[in-house]
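Please read this report alongside the sequence and the 3D view. The text moves from the overall fold to the strands, then to the cysteines, a pocket and a few loop residues.

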Amino acid sequence: MNSVQGLLAASVISIQNSCFTYPACQNCFSRLILDSRRFHCLKCGCTGGAKDASYRYRLSLKIADTNDLFDITVFGSCLDPFFGVTAENLQRYIQDFNQLSGETNTESSARALVHAVEACFIGKRFIFGV
């Protein structure tokens, strides 16, 4: 599953979604179902307290090489150097910021993060393992 079968040098054209982290199962990396107190993994059945859920990066991109356009998704800790923190810490910072600032509408902080990610990636050329 994690083996690279080829390399692709391509430029990022756009960011496909605005959610860069997700609550991830420690066993199978699937998205967790969260409620106010508990988490549950539909794939492997793992459960636990919501405050103990860990987060993982998921960045969906539209990229282009010299011939084609591709939709790709980059997962996991390979994105830590670009964000400067782990996905779990980024999620914690966002939650703490919204709580400390008294933001009832978290859309403005989410929009600021999207703009920062777009500035970091759009128009830049990367080598992707596919």
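Read from the N terminus, the chain of this predicted model follows the pattern β-β-β-β-β-β-β-α-α-α-β, which comes to 3 helices and 8 strands. The C-alpha trace spans about 50 × 35 × 20 Å along its principal axes, and of the 130 residues of the chain 34% count as buried.

**Strand β6 and its partners**

Strand β6, residues 54–64, is mostly covered, with 9 of its 11 residues buried. Strand β6 pairs with β1, residues 7–15, in the antiparallel sense through 4 bridges, and one position in this pairing is Ser14, whose bridge partner in β6 is Lys62. Strand β2, residues 21–24, is likewise antiparallel to β6 and is joined to it over 4 bridges, with Ala24 of that pairing set against Ser54 in β6. On the C-terminal side of β6 in the sequence, a hairpin of 4 residues leads to β7; strand β7, residues 69–75, pairs with β6 over 7 bridges, again in the antiparallel sense, and Ser60 has Thr73 in β7 as its bridge partner. In general, the strands of a sheet pair through backbone hydrogen bonds, in either a parallel or an antiparallel sense.

The table gathers the bridge counts for pairings in the chain, including one that belongs to the sheet described after it.

| Strand pair | Bridges | Sense |
|---|---|---|
| β1 and β6 | 4 bridges | antiparallel |
| β2 and β6 | 4 bridges | antiparallel |
| β6 and β7 | 7 bridges | antiparallel |
| β4 and β5 | 3 bridges | antiparallel |

**The sheet β3-β4-β5**

An open sheet is formed by 3 strands in the order β3-β4-β5, with antiparallel pairing. Because β3 (32–34) and β5 (47–49) stand at the edges and each has a single partner strand, one side of each is left without a neighbour in the sheet. From one strand to the next the twist averages 25°. Strand β4, residues 38–41, is joined to β5 by 3 bridges, and within this pairing His40 has Thr47 in β5 as its bridge partner.

**The cysteines**

How many disulfides does the model contain? The count comes to 0 disulfides, where the rule asks for a pair of cysteine sulfur atoms within 2.5 Å. Cys25 is in no disulfide, and the nearest cysteine sulfur to it, that of Cys44, is 3.5 Å away. Cys25 is also buried, with a relative accessible area of 2%. For Cys46, the closest cysteine sulfur is the one in Cys25, and at 4.5 Å the two are too far apart for a bond.

**The second largest pocket**

The second largest pocket holds about 240 Å³ of space. Its lining is made up of Ser18, Cys19, Phe20, Thr21, Gln91, Ile94, Asn98, Thr106, Ser109, Ala110 and Leu113, and the elements that give two or more residues to this lining are α2 (87–101) and α3 (107–121). Sorted by class, the lining has 5 nonpolar and 6 polar residues, and no charged residues.

**Loop residues**

Two residues of the loop between β2 and β3 can be taken together. Phe29 lies in the loop between β2 and β3 and has a positive phi of about 65° although it is not a glycine, whereas most residues other than glycine have a negative phi. Is Phe29 buried or partly exposed? Phe29 counts as partly exposed, because its relative accessible area of 40% falls between the limits of 20% for buried and 50% for exposed.

Arg31 has its place in the loop between β2 and β3 as well, and at 44% relative accessibility Arg31 counts as partly exposed. Arg31 and Asp71 are 40 residues apart in sequence, and their C-alpha atoms are 20 Å apart in space.

Further along the chain, Ser77 lies in the loop between β7 and α1 (80–83). Its relative accessibility is 55%, so Ser77 counts as exposed. From Ser77 to Gln99 the separation is 22 residues in sequence and 26 Å in space, C-alpha to C-alpha.

Definitions and conventions:
Residues numbered from 1 in each chain as written. Predicted model: local features only at pLDDT ≥ 70, side-chain atom pairs only at ≥ 80, totals over all residues. Heavy atoms only, no water. Buried < 20%, exposed > 50% of the residue type's maximum accessible area, 1.4 Å probe, protein only. 1 Å grid on protein atoms, 1.4 Å probe; cavity = no way out; pocket = protein on both sides within 12 Å on 5 of 7 lines; lining within 4 Å. Points joined across faces, edges and corners; volume = space filled by probe spheres on them. Nonpolar A, V, L, I, M, F, W, Y, C, P; charged D, E, K, R; others polar. Pairing = 2+ DSSP bridges. Axes fitted to C-alpha atoms, helices over the stretch in contact; angles between N-to-C directions.
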